[in-house]
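Open the model in your viewer and keep the selection panel at hand. The tour goes stop by stop, with something to select at each one.

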Amino acid sequence: MNNSQTVVLVPAYNEAPRLAPVLEVILSSPLVDKTIVIDDGSQDDTAKVAATYPVELLRFDENRGKGAALQAGLQTAPDASYYLFFDADLLNFRHEHIAELLHPLLENEKIAMSVGLFRAGHKKSVNLAQQYFSILNGQRGLRRSFVEILPDLNWSRFGVEILLSRYAKLAGQEIAQPELQGISHVTKEEKLGFLRGFDYRLQMFSECIYSLFYHKKMIRRFPGNVPPHVLQKL
Ligand SMILES: Nc1nc2c(ncn2[C@@H]2O[C@H](COP(=O)(O)OP(=O)(O)OP(=O)(O)O)[C@@H](O)[C@H]2O)c(=O)[nH]1
Ligand SMILES: [Mg+2]
């Protein structure tokens, strides 16, 4: 009997039109024990949609960014063995993607984090972007022992993936990069229209660049649970 627990975290900000199909895949997966949706300050019906499903819903009035949302989710389930992160706007999302992300953690205890690589048949731009920017992918699996040594994620907003990937390297942790075939997601421009979407994209880029250049400084300032020997290297 295996009593390990797998918890899925879904950060969702203004995702009411896209959230339901993603939750249906997660909730019908035999690999998932618990699902937590984190909505901080959505102006649409994201929380209402989430509340129609058997998930734990964390709702904050103020928007605090994706990094803080994931941190809140992690703190809610401190005893899980594995944590999977899935964005709320996935397309062509299937059970096999959950297995692909989880398997590297189950099969090799040296792997601290798995980072999904999108392999989308039809969207060439997504494939190409992933080739170069896999560090940005939000579909991840984390082992509890890695979660237990994470720095504070609250400041990082859209830079959270860069923070996690860079920190894993600094902490000498191994990363797996399973391919997630056929999966894709809705872009900001598709959600918000070109101008507003592009504006939001620029904001995301600036948060990512901040994280890329300043993650060491920010880890020193907000070390969370980073062990002393890792802090010394920063
Ligand atoms: N709770 C919460 N979730 C967020 C926040 N910002 C982004 N998210 C969620 O994080 C996931 C990824 O955000 P997206 O805006 O789709 O970013 P992306 O997919 O990296 O970027 P593009 O597709 O290139 O536009 C989605 O599920 C968002 O709803 C936030 O401030 N709070
Ligand atoms: Mg997206």
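Start at alanine 12 and show its backbone. One of its backbone N or O atoms lies 3.4 Å from a nitrogen atom of ligand 1. Bear in mind throughout that this is a predicted model.

Next, select glutamate 15 and show its side chain. An N or O atom there is 2.6 Å from an oxygen atom of ligand 1. Then add lysine 191. Its side chain also brings an N or O atom to an oxygen atom of ligand 1, at 3.0 Å.

How much of ligand 1 does the protein bury? Taken alone, the ligand exposes 640 Å², and the protein buries 93% of that.

Now widen the selection to the shell around ligand 1. Which elements give two or more residues to this shell? They are β2 (34-40), α3, α8 (188-192) and α9 (194-221). Colour α9 for this view: with three residues, α9 gives the most to the shell.

Count the residues around ligand 1 and you should reach 22. Pro11, Glu15, Asp40, His185 and Lys188 come nearest. Colour the shell by class as well. You will find 10 nonpolar, four polar and eight charged residues.

Move on to the second largest pocket. Its volume is about 220 Å³. To find its centre, select Leu74, Gln75, Val147, Glu148 and Asn225, the closest to that point among the 13 lining residues. Two elements to highlight here are α3 (66-76) and α6 (144-147), each giving two or more residues to the lining. Keep α3 selected, as you have met this helix already in the shell around ligand 1. In the lining of the second largest pocket, α3 gives the most, with three residues. Colour this lining by class too. The result is six nonpolar, four polar and three charged residues.

The last stop is a salt bridge. The model has 11 salt bridges by the rule used here. Select glutamate 56 and lysine 34, which form one of them. Draw a distance between the closest N and O atoms of the pair, and it should read 3.0 Å. What does this pair tie together? Glutamate 56 sits in strand β3 (residues 56-60) and lysine 34 in strand β2, so the bridge links parts that are 22 residues apart in sequence. Leave β2 coloured and return to ligand 1 to finish: this strand also gives two or more residues to the shell there.

Note on methods
Residues are numbered from 1 along each chain as its sequence is written. Chains are lettered from A and ligands numbered from 1 in the order in which they are written. This is a predicted model: local features need pLDDT of at least 70, side-chain atom pairs count only at pLDDT 80 or more; totals for chains, interfaces and linings use all residues. Side-chain values use heavy atoms; hydrogens and water are left out. On a 1 Å grid over the protein atoms alone, a cavity is a set of points where a 1.4 Å probe fits but cannot get out, and a pocket is an open set with protein on both sides within 12 Å along at least five of seven lines; lining residues have an atom within 4 Å of a point. Grid points are joined across faces, edges and corners, and a volume is the space filled by probe spheres set on the points. Helices (H or I, at least four residues) and strands (E, at least two) are DSSP runs, numbered from the N terminus. Ala, Val, Leu, Ile, Met, Phe, Trp, Tyr, Cys and Pro count as nonpolar, Asp, Glu, Lys and Arg as charged, and the others, Gly among them, as polar. A residue is near a molecule or strand if one of its heavy atoms lies within 4 Å of it. A polar contact is a pair of N or O atoms within 3.5 Å; within protein, one must be able to donate a hydrogen and the other to accept it, and residues adjacent in sequence count only if both atoms are side-chain atoms. Accessible areas come from the Shrake-Rupley method with a 1.4 Å probe; for residues, only the protein chains shown count as cover. A salt bridge is a side-chain nitrogen of Lys or Arg within 4 Å of a carboxyl oxygen of Asp or Glu.
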